Amino acid sequence: MASGRMEFYSNSIMQHTNLSFVLPNDVFGPDIRDKRHYARPTKSLILLHGLMGTDTDWLYVGVAQEMAARYNLAIFMPAAGNSFYLDRGYAGGNWASFVGEELPAYIRKTFGFCQSREDTLVGGLSMGGFGALHTALRYPEIFSRCFALSPALCLHEVAETGERRSSPMSKGMVRDVFGDPGTLLGSEKDPEFLYRSGKAAGKAMPRIYMAIGTEDGLYGVNQDFRRFLAGQGADFRYEEGPGAHTWSFWNAYIDRALAWLLQDDGQEAAAEQEPETGKKLSEMTERELFCVLTGDRDVLRQARLQEMILAYRKKHPESVGTGVVDLTAIVAEMSAEE
């Protein structure tokens, strides 16, 4: 498991910003709890923090590393201040463009992930839960799935009152983040508008998971959005349970969110090319060799491949202890001697 933190320059917000990340590039053995998730390429998750949070929240307080290993996810956690992940309409203040367009492109260029819509997810908690919904619905061509834990769906309150009564945000801060309250609903800052307009345009809309604690002050507005999604015929799952606006709730429900959103991994794995009965090892692709070595599909062939690796290492003692297993090279050399 690799993890780290970096700083890079963003054109959308015209400043250097921090990005934490976790990469499941060396997960093996007991750490792999469900082989389905490792029978397909690594997916990417952009994971968003809440109000007054930062990029390291999910890394140090949350369970980002555990989720990366469990679900074979490359997780990227940007710092976004108290922006609500919304564009403010001027150069240097476009946080929606940053997290929805610029960041996936930067991840693709720098890390090689976020290669396709199907492999790219977004999720978050509280303000980040709102941001995840807004981002996925504004950019459905980039994100196929999203989850929102205790999302701060406060637009109707802000539009009606110009403030957030149960929030530490002052009126001035609310105005700075959301703009003119009178223009909020029906705008590109409104997740309901984004869903309706995307659906009307015939776009493939993302699969959505929502969860809220029954003691959370945001419970009512989450019920409202749940009813909205149901009325739209959205592909979504809603869950609730005992809990407030706390990390104990979010750390429990991120696992439930990812389990539901990635439940079709078994179908994806089955669609991958698998070893054919009687096929020679020297004729297998790297994907097929991986399935043979790590799966339970063909125990006899798996044992034969392991036997071949041992024979290769006996012949090449310099390779022992290097941690490198080049299956293609091993099969090519040892098959030639059969």
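I count two residues as in contact when heavy atoms of theirs lie within 4.5 Å. With that rule I looked up Met173, and leaving aside its neighbours within four places in sequence, Met173 is in contact with Leu51 and Asn82. A caution for myself: this is a predicted model.

**Met173, continued**

Met173 sits in helix 6. I checked its accessibility and got a relative accessible area of 25%, so Met173 goes down as partly exposed. I also took the C-alpha to C-alpha distance to Asn82: 9.1 Å in space, with the two positions 91 residues apart in sequence.

**Helix 6 itself**

Which residues of helix 6 are buried? I found Val174, Val177 and Phe178, in a helix that runs over residues 171–178. These buried residues cover an arc of only 80 degrees around the axis, which puts them on the same side of helix 6. The spacing rule I keep in mind here is that an α-helix has 3.6 residues a turn, so residues three or four places apart point the same way.

Next I asked what the buried residues of helix 6 pack against. The partner is helix 5, residues 155–161. Just after helix 6 comes Gly179, and its phi is positive, near 80 degrees.

**The second largest pocket**

I went back to Leu51, since it also turns up in a pocket lining. The second largest pocket has 20 lining residues, and Leu51, Ser126, Arg164, Pro168 and His245 are the ones nearest its centre. I noted a volume of about 310 Å³ for this pocket. Sorting the lining by class gave me ten nonpolar, seven polar and three charged residues.

**Positive phi outside glycine**

I then looked at residues other than glycine with positive phi, and wrote down Cys114 and Ser150.

Cys114 has a phi near 55 degrees, positive although the residue is not a glycine. I placed Cys114 in the loop between helix 3 (95–111) and strand 5 (120–125). Is Cys114 buried or exposed? Its relative accessible area is 3%, so I marked Cys114 as buried.

Ser150 has a positive phi too, about 50 degrees. Ser150 lies in the loop that joins strand 6 (145–149) to helix 5. Its relative accessibility is 0%, so Ser150 counts as buried.

**Cysteines**

While on Cys114, I looked up Cys146 as well: its relative accessible area is 0%, so Cys146 is also on my buried list. How many disulfides are there? I count a pair of cysteine sulfur atoms only when they are within 2.5 Å, and by this rule the count comes to zero.

**Phe249**

Ser150 came up again when I listed the contacts of Phe249. Leaving aside neighbours within four places in sequence, Phe249 is in contact with Ser150, Ala211, Ile212, Gly213, Gly241, Pro242, Gly243 and Ala244. Phe249 belongs to helix 9, residues 247–261. I found Phe249 buried, at a relative accessible area of 3%. From Phe249 to Leu149 I got 8.7 Å, C-alpha to C-alpha, although the two are 100 residues apart in sequence.

**His134**

Where is His134? I found it in helix 4, which spans residues 127–138. His134 is buried, with a relative accessible area of 1%. Again setting aside neighbours within four places in sequence, I listed its contacts as Tyr85, Leu86, Ala96, Glu188, Lys189 and Leu194.

**Ala69**

Ala69 is part of helix 2, residues 64–71. Its relative accessible area of 12% is under the 20% limit, so I filed Ala69 as buried. What does Ala69 touch, not counting residues up to four places away in sequence? My list reads Met1, Val27, Asp31 and Tyr38. I also noted His37, 32 residues from Ala69 in sequence and 9.6 Å from it in space, C-alpha to C-alpha.

**Whole chain**

Last, I pulled the totals. The chain has 338 residues, and 52% of them count as buried. I logged 13 helices and eight strands. Of the contacts with a separation of 6 or more, 68% are between residues 24 or more positions apart. The pair Phe249 and Leu149 I keep as my example of residues distant in sequence, 100 residues apart.

Definitions and conventions: Residues numbered from 1 in each chain as written. Predicted model: local features only at pLDDT ≥ 70, side-chain atom pairs only at ≥ 80, totals over all residues. Heavy atoms only, no water. Buried < 20%, exposed > 50% of the residue type's maximum accessible area, 1.4 Å probe, protein only. Helix = DSSP H or I, 4+ residues; strand = E, 2+ residues; numbered from the N terminus. Arc of directions from axis to C-beta. 1 Å grid on protein atoms, 1.4 Å probe; cavity = no way out; pocket = protein on both sides within 12 Å on 5 of 7 lines; lining within 4 Å. Points joined across faces, edges and corners; volume = space filled by probe spheres on them. Nonpolar A, V, L, I, M, F, W, Y, C, P; charged D, E, K, R; others polar.
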